[in-house]
Every structure is written in structure tokens, then in C-alpha cells.
Amino acid sequence: MILKEVVTNSLFNDEIIQTIANYWKKHYYQEEEVTVGNIKEKLVNLREELDRVDTTDAASTGEYSFTAKWIEDAFTEELVMDIFCTFNEDGKHYSIDYLSFKEMLHYNVIFPLDIPKIDFLSELLWEVTFEGFTEESKTEGRRELENRIQESDEVQKSMADVKAFIVFFKEECSTDKRISIIDHFQPLTESVIEDWSDIFDETEDESSEVSFWSNVAVQKQDKQLLEEFLQVFKEEYDSFVDQKSQKKL
């Protein structure tokens with residue numbers, strides 16, 4: 001059964017909606033102002049949103065399946081439900097973050113035998129709505145992630161360029177009076193993690209999980225330090241990076 005059929009069979013059933021709403025309230029909405037009635041409205045809105053999604057050209061995504069397993073929480077050591085999707089051809093596991101409704105509605109749904117069906121369904125719907133309850137919010141979430149990935153790539157390039165420039169400056173400009181301050185900018189060659197998206201280790205083990213955005217670390221540099229660096233070395237640094245780029249052409 002594909003997700004579209006599961007949604008049709010479940011979210012048009014008042015009793016199932018009530019049960020899912022109770023589950024979400026118990027596990028995810030601790031705030032008193034969020035009532036079970038509020039959550040039921042969200043689920044009805046989700047049903048209407050999924051009904052509107054045009055899936056006519058997404059049938060090929062049926063090669064993926066949603067399922068779950070019990071895993072031990074690394075911090076509490078309690079058993080928790082892990083929702084993921086598998087690529088049917090090789091059985092590898094993938095994160096479901098940032099999937100569009102259009103993509104996922106044709107994914108197969110495999111109900112695990114050792115997990116209560118309604119609990120699995122509740123967790124699955126929670127996961128697929130993590131980035132929002134509309135196609136637009138999911139698209140925006142994915143766009144923001146792609147922007148962060150691009151920014152991270154730019155930081156990585158900047159790190160490499162600054163590091164190469166520092167080495168070059170020390171070797172070629174050893175008599176320059178600024179040589180004494182170049183080491184002050186060494187931290188620009190090492191970024192720090194600002195945010196991340198499902199970083200998993202990819203192995204050949206079928207039980208391993210691989211995000212669609214695997215091994216992407218969103219990183220940043222100290223902007224103030226970078227500004228100081230450019231105030232002192234901008235012309236030479238720009239010229240160095242220019243020449244470096246030309247050599248690659």
C-alpha cells in the first residue's frame with residue numbers, strides 16, 4: 001500500500017484522527033494551550049493538503065518504502081521508534097527529511113510487525129510533517145537547507161584559500177612587517193559547525209542510515225575576523241585566489 005492510500009484510508013476516519021491526535025498530544029505537544037482539538041484540525045488540514053497534491057508524474061517514486069524499527073536512544077537508553085525509508089533495490093536506509101509530499105505519496109508503506117499499527121502511523125505522519133503541513137512550507141524548508149549547504153561549500157573554499165594564502169605569505173613575504181600578525185588569522189582555516197542535517201555514516205551495512213543530504217555539515221567562519229583579515233591582506237589575497245583559479249583553468 002502506498003502512502004496516498006494509507007492517508008485516504010486513515011485521515012477520513014474520525015476515530016483514527018482522534019487516536020493520532022491523542023498520540024501527538026502525549027508525545028509532542030506538552031503545551032497546555034495546544035489541545036487535542038487543535039491537533040485534529042491540523043490533521044484534517046493535512047488530509048486536505050495531500051488531496052490537493054498533484055502526483056500524476058511521481059509514480060516512479062514507488063521504488064522507495066516507509067517503515068520503522070525499534071532502536072535504543074543514545075542518551076536515555078530507552079527504546080524509541082525510528083522512522084525511515086528504504087530504497088527497495090538495495091535495502092539501504094534513508095532519512096525522510098525534506099521530502100516533498102509529491103514525492104512521498106507514492107512511497108510504499110510497510111507496517112512493522114512488532115510496532116502497533118496506529119503508533120507507527122502516528123509517528124510516520126509526524127515525521128513527514130516535520131518541515132510543515134503544506135507543500136509550500138516543505139519546498140521552503142528544502143530551499144533553506146540547499147542555501148545553507150551552498151554557504152557551507154563557500155566556507156570550505158574560503159578556509160582552503162585562506163590556509164593556502166597564509167602558507168604562501170609566510171614563504172614569499174618573510175620580510176614583510178605584517179608577517180608577525182598572519183598567524184592571528186589561522187582560525188579562519190578551521191570552520192565550526194553551525195547546524196547540520198542528518199549526518200550519518202554511510203557503510204555497506206544494510207542497517208545503516210544515509211540521509212538524502214548525507215555528510216553535509218553547515219559551517220561558518222568568524223565574520224569579524226574575516227573582515228580584519230581582508231582589511232590587512234585584501235588586495236594580495238584577491239590576487240592570490242585569482243591566480244590560483246587561473247591555474248585550474
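**Exercise 1. Find the residues that Trp 24 touches beyond its neighbours within four places in sequence.**

Solution. This is a predicted model, so let's just read off what it shows. Skip the neighbours within four places, and Trp 24 turns out to be in contact with Tyr 29, Ile 39, Leu 43, Ser 122, Leu 125, Trp 126, Thr 129 and Phe 133.

**Exercise 2. Work out which residues have the most contacts inside the largest nonpolar core, and which elements supply that core.**

Solution. Start with the core itself: it has 38 residues, and Trp 24 and Phe 66 are the ones with the most contacts inside it. Next, look for the suppliers. At least two residues each come from α1 (3–10), α2 (14–27), α3 (36–52), β1 (64–72), β2 (79–87), α4 (101–104) and α5. Of these, α5 gives the largest share, six residues. Finally, there's a second, separate core of 14 residues, with Phe 169, Phe 185, Leu 188 and Phe 229 among them.

**Exercise 3. Describe how α2 and α5 pack against each other.**

Solution. A pair of packed helices is described by the angle between the axes and the distance between them. Take the distance and angle together: the axes of α2 and α5 come within 10 Å and cross at roughly 70°. Angles from 65 to 115 degrees count as roughly perpendicular, so that is the label for α2 and α5. As for handedness, their crossing is right-handed. Now for the residues that meet. On the α2 side they are Ile 16, Thr 19, Ile 20, Tyr 23 and Trp 24; on the α5 side, Ile 118, Asp 119, Leu 121, Ser 122, Glu 123, Leu 125 and Trp 126.

**Exercise 4. Decide whether Ser 122 is buried or exposed, and list its contacts.**

Solution. First, place it: Ser 122 sits in helix α5, residues 117–128. Buried means under 20% relative accessible area. Ser 122 has 1% relative accessibility, so it counts as buried. Leaving out neighbours within four places in sequence, Ser 122 is in contact with Ile 20, Tyr 23 and Trp 24.

**Exercise 5. Do the same for Thr 189, then find what its side chain reaches.**

Solution. Thr 189 lies in the loop between α6 (135–172) and β5 (192–196). With 9% relative accessibility, Thr 189 counts as buried because that value is under 20%. Not counting residues up to four places away in sequence, Thr 189 touches Met 159, Val 162, Lys 163 and Ile 166. Take Lys 163: it is 26 residues from Thr 189 in sequence, yet their C-alpha atoms are 5.4 Å apart in space. Last step: the side chain of Thr 189 reaches the backbone oxygen of Gln 186 at 2.7 Å.

How values were computed
Residues numbered from 1 in each chain as written. Predicted model: local features only at pLDDT ≥ 70, side-chain atom pairs only at ≥ 80, totals over all residues. Heavy atoms only, no water. Helix = DSSP H or I, 4+ residues; strand = E, 2+ residues; numbered from the N terminus. Buried < 20%, exposed > 50% of the residue type's maximum accessible area, 1.4 Å probe, protein only. Contact = heavy atoms within 4.5 Å. Polar contact = N/O pair within 3.5 Å; in protein donor to acceptor, adjacent residues only side chain to side chain. Core = buried A, V, L, I, M, F, W, Y, C linked by side-chain atoms within 4.5 Å. Axes fitted to C-alpha atoms, helices over the stretch in contact; angles between N-to-C directions. Parallel < 35°, antiparallel > 145°, perpendicular 65-115°, else oblique. Left-handed = near helix turned anticlockwise from the far one by under 90°.
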